[in-house]
Protein chains: 2
Amino acid sequence: MPNYARQIDTVFHALGDPTRRAVVGRLSSGPAAVSELAKGFAMALPSFTQHLGVLEKCGLVRSEKSGRVRTYYLVPQPLKAAENWMVEQRKLWERRLDQLDNYLLSIKE
Amino acid sequence: MPNYARQIDTVFHALGDPTRRAVVGRLSSGPAAVSELAKGFAMALPSFTQHLGVLEKCGLVRSEKSGRVRTYYLVPQPLKAAENWMVEQRKLWERRLDQLDNYLLSIKE
DNA sequence: TGTATAGTTAGGTATATGCCTAACTATGCG
DNA sequence: CGCATAGTTAGGCATATACCTAACTATACA
């Protein structure tokens, strides 16, 4: 399997969890610190930071630590790559339906 | 968590596996039977059908059995829903960057 | 220097996942 | 009928995941 495909795997896997999808949603509107992100999740902090680790490992986010505050921010490229994969599938599917339509039209004559 | 969000979870989870993503890719260009789909995967059939089960459970595919052949086909709606989620995130992110650009421009004056 | 705050590390548990083999059922067909 | 084919069911195993608590380190700040 090529590398970009492996990245897409890990991205989809990361997004397949409600906590992590919510974090991505939050980061879409701007960077935030760990404790700020953790607010609103009924989860122990170590569990939460594990999710952040998953997101960072797959490249969807990055973080920088300044003092004792670690700030996370979104990296759009992996999200875009996954989106592209989906768009590609849809194109194929739509083309197929067009073909089917044409076929159905042709036998109607 | 609303229901549509739970569906998106399971869809992303399903797509986070290379075998299953390949199956979706295959089905994008038309329906196929189990054994046809299983070709090219170095995996025992029960393991493979388990993947099909995951895809079917999250709504990405459906199947019908005629005689002893079960044929799978793609259901585009869940894929589209997941795609929409991503597009939405990207929009937010892009708007944020626009805001940032405007801000940077404004302080430049 | 002492205390609060932000996050990390270590270690544990329950459940889910991805795979397997063996054995089964159901259909097609000569 | 008898045999091949298509898929299903049962059960097992190793690893990964998602959570936890307790204890730690590092920074801020009075």
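**Two protein chains and two DNA strands**

Biologist: Which atom of DNA strand D is 2.9 Å from an N or O atom in the side chain of B:R70?

Modeller: A phosphate oxygen. Keep in mind that this is a predicted model.

Biologist: Which elements give two or more residues to the surface near DNA strand D?

Modeller: Chain A brings helix 4. Chain B brings helix 3 (34-38), helix 4 and strand 3 (69-74).

Biologist: And which helix gives the most there?

Modeller: Helix 4 of chain A, with four residues.

Biologist: How many residues sit around DNA strand D, and which come nearest?

Modeller: There are 22 around that strand. The nearest are A:A44, A:S47, A:H51, B:S35 and B:R68. By class, the surface near DNA strand D splits into nine nonpolar, seven polar and six charged residues.

Biologist: What does the side chain of A:Q50 have 3.3 Å away on DNA strand D?

Modeller: A base nitrogen. That distance runs to an N or O atom of the A:Q50 side chain. A:R20 has a phosphate oxygen of DNA strand D instead, 3.0 Å from a polar side-chain atom.

Biologist: Of the strand D atoms within 4 Å of the protein, what share is sugar or phosphate?

Modeller: 63%, and the rest belong to bases.

Biologist: OK, over to DNA strand C. Which residues are closest to it?

Modeller: A:S35, A:R68, B:A44, B:S47 and B:H51, out of 22 that surround the strand. B:S47 puts a polar side-chain atom 2.6 Å from a phosphate oxygen of DNA strand C. A:R70 has an N or O side-chain atom 2.9 Å from a phosphate oxygen of that strand.

Biologist: Which part of DNA strand C is 3.3 Å from the side chain of B:Q50?

Modeller: A base nitrogen, paired with an N or O atom of that side chain. The elements giving two or more residues near DNA strand C are helix 3 (34-38), helix 4 (45-57) and strand 3 (69-74) of chain A, plus helix 4 (45-57) of chain B. Helix 4 of chain B has the largest share, four residues.

Biologist: And what share of the strand C atoms within 4 Å of the protein is sugar or phosphate?

Modeller: 64%, with bases making up the rest. The residues of the surface near DNA strand C are nine nonpolar, seven polar and six charged.

Biologist: What rotation superposes chain B on chain A?

Modeller: One of 180°, with 0.0 Å of shift along its axis and an RMSD of 0.0 Å. The two copies are therefore related as by a two-fold rotation axis. Both copies use the same surface: 100% of the contact residues of chain B recur in chain A.

Biologist: New topic. How many disulfides are there over all chains?

Modeller: Zero, in a search of the whole structure.

Biologist: Is A:C58 buried or exposed?

Modeller: A:C58 is buried, because its relative accessible area is 6% and buried means under 20%. B:C58 is buried too, at 7% relative accessibility.

Biologist: Last one. Where does B:R26 sit?

Modeller: In helix 2 (residues 18-28) of chain B. B:R26 counts as partly exposed, because its relative accessibility is 31% and that class lies between 20% and 50%.

Biologist: Which residues does B:R26 touch, beyond those up to four places away in sequence?

Modeller: B:P31, B:A32, B:E36 and B:L37. B:L74 is 48 residues away from B:R26 along the chain, yet their C-alpha atoms are separated by 9.3 Å.

Definitions and conventions: Residues numbered from 1 in each chain as written. Chains lettered and ligands numbered in written order. Predicted model: local features only at pLDDT ≥ 70, side-chain atom pairs only at ≥ 80, totals over all residues. Heavy atoms only, no water. Near = heavy atom within 4 Å. Polar contact = N/O pair within 3.5 Å; in protein donor to acceptor, adjacent residues only side chain to side chain. Nonpolar A, V, L, I, M, F, W, Y, C, P; charged D, E, K, R; others polar. Least-squares fit on C-alpha atoms with pLDDT ≥ 70 in both. Contact = heavy atoms within 4.5 Å. Disulfide = S-S within 2.5 Å. Buried < 20%, exposed > 50% of the residue type's maximum accessible area, 1.4 Å probe, protein only.
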